[in-house]
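Here's a walk through one protein chain, part by part. Have a look at the sequence and the fold, then read on.

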Amino acid sequence: CCCCCCSVTALSSYGGEGGDGATGTGTGMVTAPVHVHLLPHSHVDHGWHATVDSYQRQVNQILEGVVMGLVVHKDMKFVWTESLFLKRWLAVKGNQKAASHSSTWKELTKHVISSGQLEFCSGSFTSHDEAATHIDAIIDNFEKGLEFLRMEFGVSPTVACQFDPFGYSSSTPYFLSELGFSHVIINRVHHLIKKSMKEAQQLDFVWQGPLSSEINAHVFYDHYDSPKLLRLHYSRLHFQRNALFFSFDSFKISPMFSRKCSSCKDTGNPSTKTIACIPNKAYASSYWR
């Protein structure tokens, strides 16, 4: 798909689903603030339901929104994964002046990268398939993307991101570690395997591959967005949009869940202007675009 997502990566001060911890009530309701770490990141497939050129027009809007959003909000960060669309965007728009700004898009992009606001994960041209792709094509895909990032911005990602391929190859730890990656994020493992890993608290593990290779791996808890427990369209989790919008601090925010949102059926028609109740991924996509 062509969107930006927000992944919840860590939680604290929560008593558990149905537990009686310090912040739980025994019914799963949270009675104290929950600290949520959000990772806004890209997810732009190449050739899914559309051609690369068709997707490029949509991704251009995302990139411009991300870069300008980071320029305006110095406390915000974003993680970009696929370097092909970034390279193509800069080739066309890089030397053009950004709207209402004296700097070019390339200058602004380099600024938010050097400030640490825009970070890269993987950096390959695209997120490759792991079932039918030959190792030579995989390495070529990474080398071209990583060379672009080194030459253009002087950065070399150390974390790989493979959260959407349908299954994983046993060779992945080998070639990722050989390319200089120390960590990888994955997602689409069989639901029974993921269930077992959750129960055993083994979503973080050392993934061992051929030739004594290994890499630190993390499996997303519940796909590449927020866990179902914290989906923002749940009736028990309402937030004030302005509070969420302006409270980023290195991915850390403290949303307010105190007021009802105007789109919920059980609230009538409250006259609120800044309350929204929408899915997490839709919010991220609409904001950054």
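Which residues of helix α2 (residues 83-93) are buried? In this predicted model, the buried ones are Ser83, Phe85, Leu86, Trp89, Leu90 and Lys93.

## Helix α2, side by side

Those residues sit on the same side of α2, because the arc they cover around the axis is only 155°. Look at the face turned away from that buried side and you'll find Ala91 and Val92, both exposed.

## The main core

Two of the buried α2 residues come back when you look at the nonpolar interior. The largest nonpolar core has 26 residues, and Leu86 and Trp89 are among those with the most contacts inside it, along with Leu70, Trp80, Leu118, Phe120 and Phe153. At least two residues of this core come from each of α1 (52-72), β3 (78-80), α2, α3 (105-114), β4 and α4. The top contributor is α1, which gives 8 residues.

Phe120 is a handy place to zoom in. Setting aside neighbours within four places in sequence, Phe120 is in contact with Trp80, Leu86, Ile113, Leu149, Phe153, Val155 and Pro157. There's also a second, separate core, this one of 15 residues, including Ala160, Leu176, Phe181 and Leu203.

## The four-stranded sheet

Now for the strands. One open sheet has 4 of them, in the order β5-β6-β8-β7, and its pairing is mixed. The edges are taken by β5 (159-162) and β7; each has a single partner strand, so one side of each has no neighbour in the sheet. From one strand to the next, the twist averages 30°.

Inside that order, β6 (residues 183-186) and β8 (residues 214-219) run parallel to each other, paired over 4 bridges. If you want a specific pair to click on, try His183, whose bridge partner in β8 is Asn216.

## Two positive phi values

Most residues other than glycine have a negative phi. Two loop residues are worth a look here. Ser122 has a phi near 70°, positive although the residue is not glycine, and lies in the loop between β4 (118-120) and α4 (135-153). Gln201 likewise has a positive phi, near 55°, and belongs to the loop between α6 (191-199) and β7 (204-208).

Buried or exposed: which is Ser122, and which is Gln201? Ser122 counts as buried because its relative accessibility is 1%. Gln201, at 72% relative accessibility, counts as exposed.

## The chain as a whole, and how far to trust it

Stepping back, the protein chain has 8 helices and 11 strands. Of its 289 residues, 45% count as buried. Among contacts with a separation of 6 or more, 66% join residues 24 or more positions apart.

Confidence varies along the chain. The average pLDDT is 74, with 66% of the residues scoring at least 70. Helix α3 has the highest confidence, at 97, while α8 (residues 280-288) has the lowest, at a mean of 31. Residues 8-25 have a pLDDT below 50, yet this stretch has 48 contacts in the model beyond near neighbours in sequence. Residues 233-289 are also below 50, and that stretch has 126 such contacts. Where pLDDT is low, the predicted coordinates shouldn't be read in detail.

Methods
Residues are numbered from 1 along each chain as its sequence is written. This is a predicted model: local features need pLDDT of at least 70, side-chain atom pairs count only at pLDDT 80 or more; totals for chains, interfaces and linings use all residues. Side-chain values use heavy atoms; hydrogens and water are left out. Buried means under 20% relative accessible area, exposed over 50%, partly exposed in between (1.4 Å probe, protein chains only). The arc is that of the directions from the helix axis to the C-beta atoms. Two strands pair if DSSP finds at least two bridges between them. Axes are lines fitted to C-alpha atoms, for helices over the stretch in contact, and angles run from 0 to 180 degrees between N-to-C directions. A nonpolar core is a set of buried Ala, Val, Leu, Ile, Met, Phe, Trp, Tyr and Cys residues joined through side-chain atoms within 4.5 Å. Contact means heavy atoms within 4.5 Å. pLDDT is the predictor's confidence in each residue, from 0 to 100.
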